[in-house]
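User: Please take a close look at one part of this model, the helix packing and the charged pairs around it. Then set that part in the context of the whole chain.

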Amino acid sequence: MLPGMRTAAFLSFLLVFSCGGDGNDTQTTGGTGDGTAGGSEDELGFDDDWGDDEAPVVESHHGAIESIGISGPDTPWAEMSHEDREWYMVGKVLPIMKEVFGEHDAERWSPASYGCQTCHGADGADVEYAMPAANQYRVPQPGTPAWENMERIFPDMVTFMRDRVTPTMGTLLGIENYTCNHCHPSAG
């Protein structure tokens, strides 16, 4: 795909997912009721110059998981260029993980507060988004007394990370045996 086409495709993707709201939005621009606009541009009231202050509103009743699915990349992560990884993270991983974390704790990980910095830290760009990120909780090795203490103190979080986050990220990145330490520094 040519760079200009990739940009256009990504912007179209963002329009669909960022304007769609949280799935409870009931605004519409008219249309067929099946999520498609229906009709020609003239029938929908759009003109060619887009110079007016009104942009179309896109209605979506689907979250990222339902819309784009949890699957691995077409090209193995290790073989992707930096640019391809960035597009993949922004276009697929971020919206899905934002939904996963929001479903677990919408107050702590609201859509407005969840972004690249959530996992990569405020200095993510400075360190080229290297993982594991220094800003993340240091996770002890499984089977150690420190791990057992972490499970005792944070049972819900450990379960959520083990059962939902780690397998989802592993699938999205196409990495088998994805562990806590792919994202979190080791405590020992």
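Analyst: Arg162 has a relative accessibility of 46% and counts as partly exposed, because that value lies between the 20% and 50% cut-offs. This is a predicted model. Asp163 also stands at 46% relative accessibility and is likewise classed as partly exposed. The side chains of Arg162 and Asp163 meet in a salt bridge, with N and O 2.8 Å apart.

Arg162 has a second role in the picture. It belongs to the contact that α7 makes with α6. Take the geometry of that contact. Helix α6 covers residues 145-153. Its axis and that of α7 are 5 Å apart, and the two helices pack at an angle of about 105°. That angle makes α6 roughly perpendicular to α7, because the range for this class runs from 65 to 115 degrees.

Which residues of α6 and α7 make the contact? From α6 come Trp147, Met150, Glu151, Arg152 and Ile153. From α7 come Pro155, Val158 and Arg162. By class, the contact of α6 with α7 holds five nonpolar residues and three charged ones. Polar residues are absent from it.

Now the salt bridges. The structure holds two of them. One is the pair of Arg162 and Asp163. Arg164 takes part in a salt bridge as well, with Glu103 as its partner. Here the closest N and O atoms are 3.5 Å apart. This pair links distant parts of the chain. Arg164 sits in helix α7, and Glu103 sits in helix α4, residues 82-104. The two residues are 61 residues apart.

How exposed are the two ends? Arg164 has a relative accessible area of 29%, so it is partly exposed. Glu103 is at 53% relative accessibility, which is over the 50% cut-off, so it counts as exposed.

Next, the segment after α7. Helix α7 spans 155-173, and His184 is found in the segment that follows. Is His184 buried or exposed? At 13% relative accessibility, His184 counts as buried, because the cut-off is under 20%. A polar atom of the His184 side chain lies 2.9 Å from the backbone oxygen of Tyr137. Tyr137 is also among the residues that His184 touches. The others are Pro132, Gln136, Val139 and Met161, with residues up to four places away in sequence not counted.

Asn135 offers another view of the chain. It is found in the loop between α5 (116-120) and α6. Its relative accessible area is 42%, so Asn135 is partly exposed. Leaving aside neighbours within four places in sequence, Asn135 is in contact with Gln117, Thr118, Cys119, His120 and Gly121. Asn135 and Ala122 are 13 residues apart in sequence. From C-alpha to C-alpha, Asn135 and Ala122 are 8.3 Å apart in space.

Finally, the whole chain. It has seven helices and zero strands. From the N terminus on, the elements run α-α-α-α-α-α-α. The chain has 188 residues, and 26% of them count as buried. Consider contacts between residues at least 6 apart in sequence. Of these, 62% join residues at least 24 apart. The bridge between Arg164 and Glu103 links distant parts of this chain, from α7 to α4.

Key:
Residues are numbered from 1 along each chain as its sequence is written. This is a predicted model: local features need pLDDT of at least 70, side-chain atom pairs count only at pLDDT 80 or more; totals for chains, interfaces and linings use all residues. Side-chain values use heavy atoms; hydrogens and water are left out. Helices (H or I, at least four residues) and strands (E, at least two) are DSSP runs, numbered from the N terminus. Buried means under 20% relative accessible area, exposed over 50%, partly exposed in between (1.4 Å probe, protein chains only). A polar contact is a pair of N or O atoms within 3.5 Å; within protein, one must be able to donate a hydrogen and the other to accept it, and residues adjacent in sequence count only if both atoms are side-chain atoms. Contact means heavy atoms within 4.5 Å. Axes are lines fitted to C-alpha atoms, for helices over the stretch in contact, and angles run from 0 to 180 degrees between N-to-C directions. Angles under 35 degrees count as roughly parallel, over 145 as roughly antiparallel, 65 to 115 as roughly perpendicular and the rest as oblique. Ala, Val, Leu, Ile, Met, Phe, Trp, Tyr, Cys and Pro count as nonpolar, Asp, Glu, Lys and Arg as charged, and the others, Gly among them, as polar. A salt bridge is a side-chain nitrogen of Lys or Arg within 4 Å of a carboxyl oxygen of Asp or Glu.
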